[in-house]
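Student: Hey, got a minute to walk me through the holes and odd backbone spots in this one? I'd like to start with the cavities.

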Amino acid sequence: MIFPWQLSLSLGRYIAAKRLQGRRRFPLVLMLEPTLRCNLACAGCGRIREEKEIGGRMLTAQACLKAVDEAGAPVVSVTGGEPLLHPQIGQIVRGIVARRRFVYLCTNGIQMEQALAEFRPSPYLSWVVHLDGPAATHDQLAGRPGLFDTAIRAITAAKRAGFQVRTNTTLYKSSDWQQLESLFTLLSRLGVDGLMLAPAFSYERVAADIFLSRAEASAALAPLYAARRRFRFCHSPAYLEFLAGHRPLQCSPWSTPTCSVKGWRQPCYLITDRYAGSFTELMEDTPWERYGVGRDPRCTDCMVHSGYEASALESMRPADLLRALRWSLQ
Ligand code: SF4
């Protein structure tokens, strides 16, 4: 199965309960950034500049778990920065799993193999390893030779130890479908539980000309859509249709609130116009109607799953439900 049954059940119950309460906007995934420190400086990442501004400050384990409780989202993506550089990362992840929330522990893989002993396999925990292409491409984008091989060793060790492992791939202008296909073939052979991907997005803090426009991204993703039955993409069929340009969607930034060292990012994981002091302030005081395609020029080329996966689920017609069920049971 692409997702453990516990996750499908928990998500289904949570969404049904929110709808019964008449809630229009609610979070599905909390993006938790315990630290923005990183041991890499990837080409497409803006967090590294922010890390300089905050001078190495981190969220404490207590602050992380408070954010988890405040948001109440069934899934918590622990991201950053490189979360494994946080000295309390074991405590943070164990605390979230103890609350029966699903943790996606994101990593670049450098310290993953050594960190495995700190965690126990659980249906509530999945590693998410960032890999942007086969060895040469990934190492060039991440700026360090040998990184791909290190990550692959860590994935192999994690699967052998019984962990769930997923991967996250960012598409750039230079991304090439044949290269991605060979990456996904290798990862499938290693028994990776699911593949995530999204076009890189040019938010203002990153100047390099490496990002795809929306039209370019849809063209680049067309072969991927055609290959959707060969690979275990852990995105809803509706989101894959959106990526391939077959389904228009407006984003739902409130579905993935982001808690960082400076507060809750308004409005989303990618754009920070200001920080809210609490989750309630984020949900109630953000002018949501001002963001999204056609509303804010900065959103024009954004297609990331943190903005659109919830919209894809929301947009599903009755005929899509059976497809979605078949997909989640793959
Ligand atoms: S489209 Fe939505 S998720 Fe993307 S940058 Fe704009 S507000 Fe954020």
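Tutor: Sure. A cavity here is a set of grid points where a 1.4 Å probe fits but cannot get out. Keep in mind that the model is predicted.

Student: OK, so how many cavities of 30 Å³ or more does a search of the whole structure find?

Tutor: It finds 2.

Student: What's the volume of the largest cavity?

Tutor: The largest cavity comes to about 130 Å³.

Student: And which residues lie nearest its centre?

Tutor: Cys251, Pro253, Cys268, Leu270 and Cys302. They belong to a lining of 16 residues.

Student: How does the lining of the largest cavity divide into nonpolar, polar and charged?

Tutor: There are 12 nonpolar residues, 3 polar and 1 charged.

Student: Now the second largest cavity. How much space lies in there?

Tutor: About 40 Å³. Its lining includes Pro4, Leu7, Phe102, Val103, Tyr104 and Pro123, and Tyr124, Leu125, Ser126, Gln164 and Arg166 are also among the residues that line it.

Student: Which elements give two or more residues to that lining?

Tutor: Three strands do: β3 (102-107), β4 (125-130) and β5 (164-171). The largest share comes from β3, with 3 residues.

Student: And the classes for the lining of the second largest cavity?

Tutor: By class you get 8 nonpolar, 2 polar and 1 charged.

Student: Let's switch to pockets. What volume does the second largest pocket have?

Tutor: That one is about 340 Å³. Its lining has 17 residues, and Arg24, Ser252, Trp254, Ala310 and Glu314 are the closest to the centre.

Student: Which helix gives the largest share of that lining?

Tutor: Helix α12, with 4 residues. Both α1 (5-20) and α12 (305-314) supply at least two residues each.

Student: How many charged residues are in the lining of the second largest pocket?

Tutor: 4 are charged, next to 8 nonpolar and 5 polar.

Student: New topic: helix packing. At what angle do α7 and α8 cross?

Tutor: Roughly 30°, with the axes coming within 11 Å. For reference, α7 covers residues 147-160 and α8 covers 177-189.

Student: Why do you call α7 and α8 roughly parallel?

Tutor: Angles under 35 degrees count as roughly parallel, and the two axes cross at roughly 30°. α7 and α8 are therefore roughly parallel to each other.

Student: Is the crossing left-handed or right-handed?

Tutor: α7 passes α8 in a right-handed crossing.

Student: Which residues meet there?

Tutor: From α7 it's Phe148, Ile152 and Ile155, and they meet Leu183, Leu186 and Leu187 from α8. By class, the contact has 6 nonpolar residues, no polar and no charged.

Student: Last bit, the backbone. Is the Gly80 to Gly81 peptide bond cis or trans?

Tutor: The bond from Gly80 to Gly81 is cis, with omega near 20°. Gly81 sits in the loop between β2 (75-78) and α4 (89-98).

Student: What about the bond that joins Gln266 and Pro267?

Tutor: That's a cis peptide bond too, with omega about 10°. Pro267 lies in strand β8, residues 263-267.

Student: And what's phi of Arg100?

Tutor: Phi of Arg100 is near 55°, a positive value in a residue other than glycine. You'll find Arg100 in the loop between α4 and β3.

How values were computed. Residues are numbered from 1 along each chain as its sequence is written. This is a predicted model: local features need pLDDT of at least 70, side-chain atom pairs count only at pLDDT 80 or more; totals for chains, interfaces and linings use all residues. Side-chain values use heavy atoms; hydrogens and water are left out. On a 1 Å grid over the protein atoms alone, a cavity is a set of points where a 1.4 Å probe fits but cannot get out, and a pocket is an open set with protein on both sides within 12 Å along at least five of seven lines; lining residues have an atom within 4 Å of a point. Grid points are joined across faces, edges and corners, and a volume is the space filled by probe spheres set on the points. Ala, Val, Leu, Ile, Met, Phe, Trp, Tyr, Cys and Pro count as nonpolar, Asp, Glu, Lys and Arg as charged, and the others, Gly among them, as polar. Axes are lines fitted to C-alpha atoms, for helices over the stretch in contact, and angles run from 0 to 180 degrees between N-to-C directions. Angles under 35 degrees count as roughly parallel, over 145 as roughly antiparallel, 65 to 115 as roughly perpendicular and the rest as oblique. A crossing is left-handed if the near helix is turned anticlockwise from the far one by less than a right angle, and right-handed if clockwise. Contact means heavy atoms within 4.5 Å.
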